[in-house]
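Biologist: Could you take me through one part of this model closely, the sheet and whatever sits against it? I'd like the strands, the helices and the cysteine links in one connected account.

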Amino acid sequence: MNLESSPTRLVIPLIVMIWLVSCGPMGGVSLPANVTPSIAPTPKPAPSGDWQSRWLKGAPCSPPCWEGITPGSTSASDAVNILRTSPLIARAEMTSTRLVPDLGYVQWDWAGGGQGGFANYQAQTAQQIIYLIRPWFPKPIGFGDVLEAYGEPTEIIARVVHPPDAGVGTSYDLRVIYKDQGILLLSGGVNKPRIEKETEFDQVMLFAPDAQGYAAALSGAANYPEWVQPWEGMKDFNYYCQKAFGEKDCADK
């Protein structure tokens with residue numbers, strides 16, 4: 001018998017096609033009730049206006065509070081929920097590291113793109129309270145704007161750094177501190193900073209106005225309290241540096 005012309009030869013492919021349509025991938029088979037299709041979150045557009053200076057206007061709260069998070073009061077989980085509802089924030093999450101298990105931090109990205117910053121908390125405590133917030137703003141912070149908003153600082157660090165390695169040049173460290181309000185402004189680099197209203201700072205930290213928050217904001221400088229000098233107004237960088245370190249250690253090299 002010639003299989004090419006056999007009725008059986010024609011019927012079998014037809015049966016297979018009917019099965020594929022009714023039961024196979026092309027059929028109208030519904031997903032089980034417990035399977036939910038994955039939906040990507042809608043990206044937030046970049047905020048408009050001078051959004052990074054909101055904290056200088058007390059919006060939505062005044063320092064050390066930032067975007068509704070108050071160092072020394074807000075828990076890390078609450079901070080994540082607050083940031084996720086902020087128009088400035090695209091994504092926020094809690095994380096920690098095995099190398100320093102006690103250190104946890106909330107990190108976020110800016111709406112419209114860019115790494116936003118982080119907020120530290122003690123991961124091994126039950127409360128997990130935020131004690132330091134460090135937003136990474138796209139633009140520098142003008143000292144004059146901070147002075148207008150919150151008055152003059154309480155303390156200052158002015159330091160010349162002479163690395164021991166040969167061939168590495170001098171660098172500078174300038175920090176002004178509003179101890180009672182929980183604000184620290186930081187700038188540094190190879191050019192000696194000027195202390196004036198036009199000075200721009202690269203970073204801002206908002207810290208709990210207690211011993212833990214203050215030490216966290218100072219970082220390594222907390223081990224050298226003699227570095228921290230009382231603010232005496234708009235003096236030259238060398239004036240504050242020499243008060244803390246002496247003329248020799250503040251000389252440019």
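Modeller: Here's a walk along the sheet, with the helices, the disulfides and the confidence values after that.

Bear in mind that this is a predicted model. The sheet is an open one with nine strands, and if you read across it you get β1-β2-β3-β4-β10-β8-β7-β6-β11, with antiparallel pairing. At the edges sit β1 (89-96) and β11 (229-230), each of which pairs on one side only.

Let's zoom in on the stretch around β4 and β10. Strand β4 covers residues 130-135, and five of its six residues are buried, so the strand is mostly covered. One neighbour is β3 (residues 115-122), which runs antiparallel to β4 and is joined to it by five bridges. If you want a landmark for that pairing, look for Tyr-121, which stands opposite Ile-130 in β4. On the other flank, β4 pairs with β10 (residues 203-207), again in the antiparallel sense, over two bridges. Here Leu-132 is the residue to pick out, standing opposite Phe-207 in β10.

Strand β10 itself is largely enclosed by the rest of the structure, because four of its five residues are buried. Moving on across the sheet, four bridges join β10 to β8, and these two strands run antiparallel. Ile-183 marks that pairing, as it stands opposite Leu-206 in β10.

Now jump to the β11 edge. β11 pairs with β6 (residues 155-161) in the antiparallel sense, and there are two bridges between them. Glu-155 has Pro-230 in β11 as its bridge partner.

Two helices belong in this picture. Helix α3 (residues 143-150) packs on the sheet and touches both β7 (171-178) and β8 (183-189), with its direction making about 15° with that of β7. Helix α5 (residues 237-245) is set quite otherwise: it lies across β6, β7 and β11, and it runs at about 85° to β6.

On to the cysteines. Searching the whole structure turns up two disulfides, and with bonded cysteines counted along the chain the pattern is 1-2, 3-4. One of them is formed by Cys-241 and Cys-250, with the sulfur atoms 1.9 Å apart. The torsion about its S-S bond is about -95°, so this disulfide is left-handed. Cys-241 and Cys-250 are both buried. The other disulfide joins Cys-61 to Cys-65, at 2.0 Å from S to S. Its angle about the S-S bond is -80°, and this link is left-handed too. What about burial for that pair? The cut-off is under 20% relative accessible area, so Cys-61 counts as buried at 15%, and Cys-65 is buried at 8%.

Finally, how far should you lean on the coordinates? The chain has a mean pLDDT of 83, with 80% of its residues reaching 70 or more. Among the elements, β11 has the highest mean pLDDT, at 98, while helix α1 (residues 7-23) has the lowest, at 37. Residues 1-40 have pLDDT below 50, and this stretch has 13 contacts in the model beyond near neighbours in sequence.

Conventions:
Residues are numbered from 1 along each chain as its sequence is written. This is a predicted model: local features need pLDDT of at least 70, side-chain atom pairs count only at pLDDT 80 or more; totals for chains, interfaces and linings use all residues. Side-chain values use heavy atoms; hydrogens and water are left out. Two strands pair if DSSP finds at least two bridges between them. Contact means heavy atoms within 4.5 Å. Axes are lines fitted to C-alpha atoms, for helices over the stretch in contact, and angles run from 0 to 180 degrees between N-to-C directions. A disulfide is a pair of cysteine sulfur atoms within 2.5 Å. Buried means under 20% relative accessible area, exposed over 50%, partly exposed in between (1.4 Å probe, protein chains only). pLDDT is the predictor's confidence in each residue, from 0 to 100.
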